[in-house]
Amino acid sequence: MAKHHIDSNYLDPDYEPVVNHSDNTPFHEVMAARMQRRTVMKGGVGAALASIMGVSLAGCGSSDSKSSGTTGGSSSSSTELGFKAVPVSSANTVVVPEGYSSEAFLPWGTPITGSYPEYRADGTNTGAEQEQQVGMHHDGMHFYPIDLKSGGSASSEGLLVMNHEYINQSALHANGATDSGDNGGFRPADEVRKEIAAHGVSVVHIKQNSEGKWDVVFGSPYNRRITGGTAMDLRGPARGYSKLVTPYSLNATETRGTLNNCSMGPTPWGTYLTAEENWHGYFATSAADRPREYVRHGVGSSSRYDWELADSGLDQYVRFNVTPQDGGTAETDYRNEANTFGYMVEIDPFAPESKPQKRTALGRFGHEGVIFAPVTEGQPVVCYSGDDSRYEYIYKFVTARPYNAATANGSLLDEGTLYVARFNDDGSGEWLTLSLDDAGFASKVAAAEGTEVGRSGILFAGFENQADVIVNTRLAADIAGATPMDRPEWGAVDPNSGEVYFTLTNNSQRTEAETDAANPIVENRNGHIIRWKEAGNDHAATAFEWDIFVFAGEQGTETSVDGDVVVSLTDDNIFNSPDGLWFDYNGVLWIQTDGYSNDTYGNQMMLAANPETREIRRFFVGPSGCEVTGVVTTPDSKTMFVNIQHPRSNWPNASEDRPRDATVIVTRDDGGVIGA
Ligand code: FEO
Ligand code: CA
Ligand code: CA
């Protein structure tokens, strides 16, 4: 084990650090939440209650869908679930419904570029070889039809792009990671190189053969690895800002690598945005006084993998030590390196030579992913992003320039307005502007100066400019008065109704006094899914109405609207800790879990839901110890890709002795549409 001296939680391969928080719920609102709650808790530990304050969104989606002109033209029957629910399972294998088949694909270590170095099951592949192989801990993923750029929708060939969130050091190296404490205070540089290379993103050109079997297209120019060391540009408001100056980029326009890439978002112009979630853990500082940019995110005294201790002393590793050096400056040491992380990063899978672009206008926080609303010619582009940490927030970005299909590209994401969500207890909601140009926000900022902001207790000393607001997005949201949520993970937009869904995975620390209508569960161990509809069904609106789609939990956990039970969970659909979320091309909502496993729930799973009827059915159960995260289908909905992250033991190859994260391909034996 590599880490003996830091947070022992890091020894757990599926540990996700959860830091900090503000306390934004005034007492009178808490009282209002109490009084308006209509249904009562039912069932055992973790069972839930519903709290819909006279706002029922169910059904309004279907009536609006025809006038809104969104794609699909599908009748409600297209979202009906046609498979038999699978039971919970604790077996070390993937379970899919009767009439379906599954197969592991693209496991960690699969060669995809360069000299296509063969995977060695004894863990002896080098760092250089890992740079040419699929990374570890697969997460968010999207399938781009190979003919997308010419307007096509091929379902037998495309670019599968996926994140590699973090690593299992024990499995990655032949004999586990070398502990710096046992090695003179240093880590072998090639171990560090391999660990950095196992992070990031894979772009894999895949194709079905005549028998329908998928394989990597050998030698394709599209095959690519982006890692924790790949050169990237900084774009948007934080580009050029003094707090992003490093010895690598004296003008603060570039950085190296993307890390802890959790979920993602395909853009309307055919690129891929990868999220930087728990990036803070990769950096170490021994400074007694840490800047607020680090304090609010939990950048601390030691790093997750000790990369800064690589024995080669190379700049690309030393940079993870963000301690200001004696007599140094931002130009001579890496005190600012961590400020170049925490963003959404754009990758163009169809341009293999292109440099990834960090889109800072979308804010700096623990980005889980991003979800775009359907675009309309001449209207702004709108996207949503959750900050997955306890008591953190949900954000929205609205571009300054309108969408034009012929010219749209990532530069649209460099100018616009960042908002944060406030969920009122009466079922209404507001998008609060985080822009110093906004008089309301500017006055809140002025009023907050000299006070301790949020739960972090940071003594607020103002913002220098909008770049400073971006680098300190969480602090800005504290000041704006956003609603602290139960760990926002993935979002999804219903293609028929336009409603936006977000998973709130859990928050076992929420106290009675901290509950509100949108986060009503004390010690919320099982999580829930919230949804909202923007005013006028305009995604750029600054007001919305919300409700809770479902509370997760054991059998009998009820979700009620105005006293009517609309969901009561059964053996067919109990689940906890919703995380991944995706609307397929037919309007079916797929829910993936990353929670706790026991005799009741079995292993982590994926369920399908009908957004109109709230019918939910378990479709897939993963192998032991994993989380199920990342899902997409081909445009014809006949091949589904599902990622399995941090499996245990020797899944998927019983003949090998270490686990390998992998994509699972799910097909219907009759060749039909998945889920229908
Ligand atoms: Fe990486 Fe919040 O899941
Ligand atoms: Ca996740
Ligand atoms: Ca999670």
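A contact means heavy atoms within 4.5 Å. By that criterion, residues 24 or more positions apart account for 66% of the contacts in the protein chain with a separation of 6 or more.

The model is predicted, with local features needing pLDDT of at least 70 and side-chain atom pairs counting only at pLDDT 80 or more, while totals for chains, interfaces and linings use all residues. Residues are numbered from 1 along each chain as its sequence is written, chains are lettered from A and ligands numbered from 1 in the order in which they are written, and side-chain values use heavy atoms, leaving out hydrogens and water.

**Whole chain.** Select the protein chain and colour by secondary structure. The chain has 10 helices and 34 strands; these are DSSP runs numbered from the N terminus, with helices being H or I of at least four residues and strands E of at least two. Of its 676 residues, 61% count as buried, where buried means under 20% relative accessible area, exposed over 50% and partly exposed in between (1.4 Å probe, protein chains only). The accessible surface is about 22500 Å², and carbon and sulfur atoms hold 48% of it. Areas come from the Shrake-Rupley method with a 1.4 Å probe, and for residues only the protein chains shown count as cover.

**The 9-stranded sheet.** Next, select β13 (371-372) and β22 (488-493), the edge strands, each of which pairs on one side only. Between these edges runs an open sheet of 9 strands with antiparallel pairing, in the order β13-β14-β16-β17-β18-β25-β24-β23-β22. Two strands count as paired if DSSP finds at least two bridges between them. Zoom in on residues 380-386 (β14) and 394-402 (β16): 6 bridges join these antiparallel strands, and S385 stands opposite Y395.

**Around β7.** Select residues 231-235. This strand, β7, has an antiparallel neighbour in β8 (residues 254-256), joined by 3 bridges, with A231 opposite R256. β7 also pairs with β12 (residues 357-359), here in the parallel sense and over 3 bridges; D233 faces Q357 in that pairing.

**Calcium site.** From β12, move along the chain to E368, which lies in the loop between β12 and β13. Which residues donate to the calcium ion (ligand 2)? The protein donors are E368 (OE), E489 (OE), D579 (OD) and D579 (OD), 2.2 to 2.7 Å from the ion. Donors are N, O and S atoms within 2.8 Å of the metal (3.2 Å for Na, K and Ca); water is not among the atoms, so sites may look incomplete. The donor residues are spaced E-x120-E-x89-D in sequence. Since D579 is in strand β28 (residues 578-583), the pair E368 and D579 ties together parts that are 211 residues apart in sequence. E368 is buried at 0% relative accessible area, and D579 is buried at 2%. Now show ligand 3 as well: E489 bridges this calcium ion and the calcium ion (ligand 2), the two lying 3.7 Å apart.

**Helix α10.** Select residues 473-480. All 8 of the 8 residues of α10 are buried, so the helix is largely enclosed by the rest of the structure. Among them are R474 and D478. G481 follows the helix, with a positive phi near 95°.

**A hairpin to finish.** Select residues 558-561 (β26), then residues 564-568 (β27); the two strands pair in the antiparallel sense over 4 bridges. E558 has S568 as its bridge partner. The hairpin has 2 residues between its strands, and D562 in the turn has a positive phi of about 50°. In a regular strand the side chains alternate between the two faces of the sheet. Both faces of β26 are covered, with E558 and S560 buried on one side and T559 and V561 buried on the other.
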